[in-house]
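This report describes one protein model, from its overall make-up down to single residues. Please look over the sequence and the structure before reading on.

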Amino acid sequence: MGDYHYHHFLSSMAGVGGQPNQSPLEGPPQMSHQPQVLAMGGHGPPMPNPYQSLGYFTGFPEPIMFNAPKSQRSRRKSAPGLDHIKHRRTRSGCFTCRSRRVKCDETHPICERCRKGKRECLYPEPAPPKGSGGSSSKESSSTAPSQQASPTSSRGDDDDDDDRDSKLEPIMDEDEEEPQSATSTTAPMFPLRRSSTTSSFGLQRVPTGYRYDSETPSFDGNKSSSPLSTGTTTAQSHRPDWTFLPHELQFYLGYFYDNITHYHYGLISDAGDFFRTTLVGLALRNEALLYAIVAFSAYHHALHNPHGRINEFLQYYNHSVKNLLECLKRKEKYSIATLLTILQLATIEEYLGDWVNLMGHQKAALEIFTQLFTPQTIMQSQTGRAALTWYGRFDLFVAIMGSFETTLPREWYLEAATYHDSCAAAEPDSVFWKFEACSAKMQLISMEMAMLYARRVKEEVTAEDFAAEHQRLSRCLNDWKNGWDPALVDPSHLVTDFSGSHAPDPNDIINPFTSGALFQPPLFPSTVLTASYHSMSLLHDSQSGIRPIGEAKDKLREHAYKIYQIFEAVEFWSHSPPGGLIALQSALAVAALYVQRDPRHQMWIRRKFVLLEAMGYIFPATMRVRLAELFADDTCTRWWLPNDEGFPPLLQNIRAYADERNAMAATTQRDTVQQIRHVFSRMNIREAARKAAEN
């Protein structure tokens, strides 16, 4: 993948043979009081933790070679209960019968079992002639996920996979019980299967032109769907059909569909219900994307389960990385599914506080973007537009916080803003197009801010020109906020009833129940956009180079307190959408720099960080060190509250795992580590603390 060896990067993230050692996941890890970032900077020893034997991070082996040592392979084959009599199954039955492990009579177009059970019946495409370009795809699709560590494995290994699958009990037809409800918060009662073959659930074999009965937006990513104007996207959304998948994958896709929203991705709006329909629909045809989504879902499920563990998340994550690596090894033509897989993996890295690996994915995604699209063609499909917004969020955060140039040129952001403005004008009754247009304009302004800050760091602009451009962008930001369509701030949608919410905390620093801070659906995105406006105002004003005094200083503090109020209002309102607080985390992190230095204010903000980490959003170790300077409390580098309050074993496990990833990245990706240090070093903690302390 060009000069940037993304396959080497993935090799450092994927396990080479074997399964992860699950024993460390049973109890809390032994954590030191200093995060791994100190070892990265040469100021302390590496932090011991129980994940060193997981095998997920192996340095840089030979490019994309995943041949497991023969001793490991023989150990797998000699596992108790495995019969090594070779057994071949027919591969011409329908996908549904294969996934249910029952015999298919191969009646076309609908087999007898699917007809009786009223199930969707899908058959594989005819096998390409030997020696054709499709042979590698066929070989891949018949390889078990757990065996894809060895793309050159023998036919015998494939037979072993078939044999192991055949020993799973068949799913009965008419009298069978349905899989456990995906809406349940109870852990699945089935073991995680490691040997279900790709062909057993038909991934990557659905004909390109096939459209699922339940499809509303286009799953091929090439057609646009019009956003709703009725107030909610779910009225139009239909759940994709994934009943041909193994039950554990069905469970986690169901959990994703029922509990994960675009707010979990930090995005303002999702006009076409992209994440629950289009993204999942594409994943049903791409194994790497499927496992990435399932891993993200398993991660959130574990956090909401009192007995949750992260071993299933780790296994699904590793499957995704290895399948993506296989795709790159075969040098297949890049697809939108490949791009979305990389973005989903980058989102997981963000949740783990691993911005080093996130930036590695970002580089690869950029290359695919520029090969698949132009600024004009990416706007022609809902999938392309969603991918651009998704990528743009990463691009802008890294650029602004680190004073870098954005990786995408201005033309991409300008084209998006122009396109969404035209759609909003064409459908004036659609609040969703208005939100998309508002969000795209915000990204354009943010991009121009990032470019200005980068030019100053590189000394490419004079002080006078910088001041003039800074003032222009300040006007643009305020004009953007003041120019919102009245429909987006309709006062009839303001939340005024907080009955059933938490009682006010006597130690609270704001009143979260003040009317005007929170909009109810379908205008909840206005709440997130308002917080984004205040955080961007804080960031931009702090870059002016002028020491704020008097009214200017009061204005900065006002922006910060608006964010505090919005965050706590969303926290306490019983009808807040899932992921709403995650969408506000970046604004809260910026506002934290302006919190007053007395214990009451600092403990308030620290408890909000505890809340976010309990939701799975781990703050980077480097940022924790910077905030510990602000709070003048080194214990924050380990945990936000004294005596490990609110720090359960599962979260300790995740923190230990995340810190080990950062340590490994420090040794294998030194250039990116230097960049990410640069990002968080520009938070200017000492100056912010001094400003906040001055009453």
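A residue counts as buried when its relative accessible area is under 20%. The model is predicted, and of its 695 residues, 59% count as buried. The protein has 25 helices and zero strands. Its exposed area is about 28100 Å², of which carbon and sulfur atoms supply 52%.

Contacts tell how parts of the sequence come together. Taking contacts between residues at least 6 apart in sequence, 79% join residues at least 24 apart.

One helix can be examined in detail. Helix α14 covers residues 382-402, which makes 21 residues. At 1.5 Å a residue, α14 should span 30 Å, and its end C-alpha atoms are indeed 30 Å apart, so the two values agree. Of the 21 residues of α14, 19 are buried, so this helix is largely enclosed by the rest of the structure. After α14 comes S403, which has a positive phi, near 55 degrees.

The cysteines are the last topic. Two of them are listed here with their burial.

| Residue | Relative accessible area | State |
|---|---|---|
| C104 | 11% | buried |
| C423 | 12% | buried |

Why does C104 form no bond with C111? A disulfide needs two cysteine sulfur atoms within 2.5 Å. The sulfur of C104 has its closest cysteine sulfur in C111, at 3.9 Å, and this is too far for a bond. By this rule, the count of disulfides is zero.

Definitions and conventions:
Residues numbered from 1 in each chain as written. Predicted model: local features only at pLDDT ≥ 70, side-chain atom pairs only at ≥ 80, totals over all residues. Heavy atoms only, no water. Helix = DSSP H or I, 4+ residues; strand = E, 2+ residues; numbered from the N terminus. Expected span 1.5 Å × (residues − 1). Buried < 20%, exposed > 50% of the residue type's maximum accessible area, 1.4 Å probe, protein only. Contact = heavy atoms within 4.5 Å. Areas by Shrake-Rupley, 256 points an atom, 1.4 Å probe, with all protein chains shown as cover.
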